[in-house]
Amino acid sequence: MIRFYCAETYEGMSARAATFMAAQVLAKPDSVIGLATGSTPIGMYTALADKCSRGEITFKDVRTVNLDEYYGIDPTHDQSYRYFMNKNFFEKIDICLGNTNVPNGKAEDPQAECARYDALIDSYGGIDMQLLGIGRDGHIGFNEPGDAFIPGTNYIKLTEDTIDANSRFFASADEVPKYALTTGIRAIMQAKKILMVVNGESKAKILEEAFFGPITPANPASILQLHPDVVVCGDAPAMAIIAEKHPEAIIG
Ligand code: GLP
């Protein structure tokens with residue numbers, strides 16, 4: 001089942017998503033949460049950190065597994081996803097850093113790191129709630145469009161489109177790592193709940209195609225149509241095409 005929520009603004013989308021994530025942590029304080037990077041979830045992370053500092057929720061028993069990491073980048077690099085998570089979320093909440101996990105972008109053997117990460121997720125008993133953004137080519141995590149859905153954590157070459165999209169965070173496109181490690185489709189699809197955040201007009205078309213078009217590895221997010229419990233929180237520009245073509249799908 002997929003539930004679409006549409007907020008007028010990015011702030012509204014972030015507040016709504018934070019409410020869902022906080023509800024998960026309140027209901028199950030030792031939740032395993034799959035986390036995502038990108039610019040979209042930053043507002044949600046800020047809203048959750050505010051709830052935590054007001055004493056409304058605690059992350060002290062929460063364990064996290066991040067979706068992905070650039071390969072070849074040091075965790076201390078200011079564009080690594082480990083650095084992003086520490087700065088935008090972990091340092092602002094009461095989580096134990098030892099309970100947070102991001103694939104190791106400096107692992108000597110990327111395939112061994114993929115196997116380690118899958119084993120780690122299995123040892124946690126899977127993911128209770130998986131947060132996702134969506135790339136403008138439909139990627140989730142760094143599962144890029146291709147000929148097949150890849151089940152396990154995988155070492156992948158980024159598409160030109162993703163390198164271009166992410167170059168805004170680097171001095172130039174040349175500096176964007178060309179490879180990444182990403183949780184595969186299996187861990188994402190086995191998560192008990194999926195929470196997707198999406199904002200901005202540039203995502204409207206791919207979002208509508210992902211949830212109302214064919215299920216195809218050419219649009220990796222489309223596999224979420226097969227998941228039993230998906231909540232999509234969007235802002236009005238991102239939800240515009242769904243609102244126009246499928247207004248009945250938006251429940252709040
Ligand atoms: C990045 C990340 C994804 C993220 C997506 C969208 O490359 N690997 O996890 O969801 O692209 O990013 P943004 O939210 O900045 O649009």
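Which residues line the largest cavity? Keep that in mind while we look around this predicted model; the last view but one comes back to the cavity.

**View 1. The whole chain has eight helices and ten strands.**
Here is the protein chain from end to end. Its C-alpha trace spans about 50 × 45 × 35 Å along the principal axes. The radius of gyration is 17 Å, close to the 18 Å that the globule rule gives for 252 residues, so the chain is as compact as a globular protein of that length.

**View 2. Seven strands make an open sheet with parallel pairing.**
Read across the sheet and you get the order β1-β10-β9-β6-β2-β3-β5. At the edges sit β1 (2-7) and β5 (100-101), and each of them pairs on one side only. As a bit of background, strands of a sheet pair through backbone hydrogen bonds, either parallel or antiparallel.

**View 3. β2 and β3 pair up inside the parallel sheet.**
Zoom in on β2, residues 32-35, and β3, residues 63-66: four bridges join them in the parallel sense. Look for Ile 33, which has Thr 64 of β3 standing opposite. Both residues turn up again in the cavity view, as part of the lining.

**View 4. Helix α1 lies across five strands.**
Follow α1 through residues 10-27 and you'll see it lying across β1, β2, β6 (129-132), β9 (193-198) and β10 (230-235). Compare the directions of α1 and β10: the helix runs at about 155 degrees to that strand.

**View 5. Three strands form an open sheet with antiparallel pairing.**
The order this time is β4-β8-β7. Which strands stand at the edges? They are β4 and β7 (154-157), each with a single partner strand, so one side of each is left without a neighbour in the sheet. From one strand to the next, the twist averages 25 degrees.

**View 6. β7 and β8 run antiparallel, and helix α4 packs on their sheet.**
Four bridges join β7 to β8, the strand at residues 179-182. To find one of the partner pairs, look for Ile 156, whose bridge partner in β8 is Ala 180. Helix α4 (residues 110-123) touches both β7 and β8, and its direction makes about 130 degrees with that of β7.

**View 7. The largest cavity has a volume of about 30 Å³.**
Back to the opening question: the lining is made of Met 21, Ile 33, Leu 35, Leu 48, Phe 59, Val 62, Thr 64 and Phe 89. Sort those residues by type and you get seven nonpolar, one polar and no charged. The structure holds one cavity of 30 Å³ or more. How do you spot a gap like this? Rolling a probe the size of a water molecule over the atoms shows where empty space is left.

**View 8. About 610 Å³ of space lies in the largest pocket.**
Its lining takes in 33 residues, and Thr 37, Gly 38, Ser 39, Asn 166 and Arg 168 lie nearest the centre. Two or more lining residues come from each of β4 (68-70), α3 (81-88) and α5 (160-166). Which element gives the most to the lining? That's α5, with four residues. By type, the pocket lining divides into twelve nonpolar, 14 polar and seven charged residues.

How values were computed: Residues numbered from 1 in each chain as written. Predicted model: local features only at pLDDT ≥ 70, side-chain atom pairs only at ≥ 80, totals over all residues. Heavy atoms only, no water. 1 Å grid on protein atoms, 1.4 Å probe; cavity = no way out; pocket = protein on both sides within 12 Å on 5 of 7 lines; lining within 4 Å. Points joined across faces, edges and corners; volume = space filled by probe spheres on them. Nonpolar A, V, L, I, M, F, W, Y, C, P; charged D, E, K, R; others polar. Pairing = 2+ DSSP bridges. Axes fitted to C-alpha atoms, helices over the stretch in contact; angles between N-to-C directions. Contact = heavy atoms within 4.5 Å. Rg over C-alpha atoms; globule rule 2.2 N^0.38 Å.
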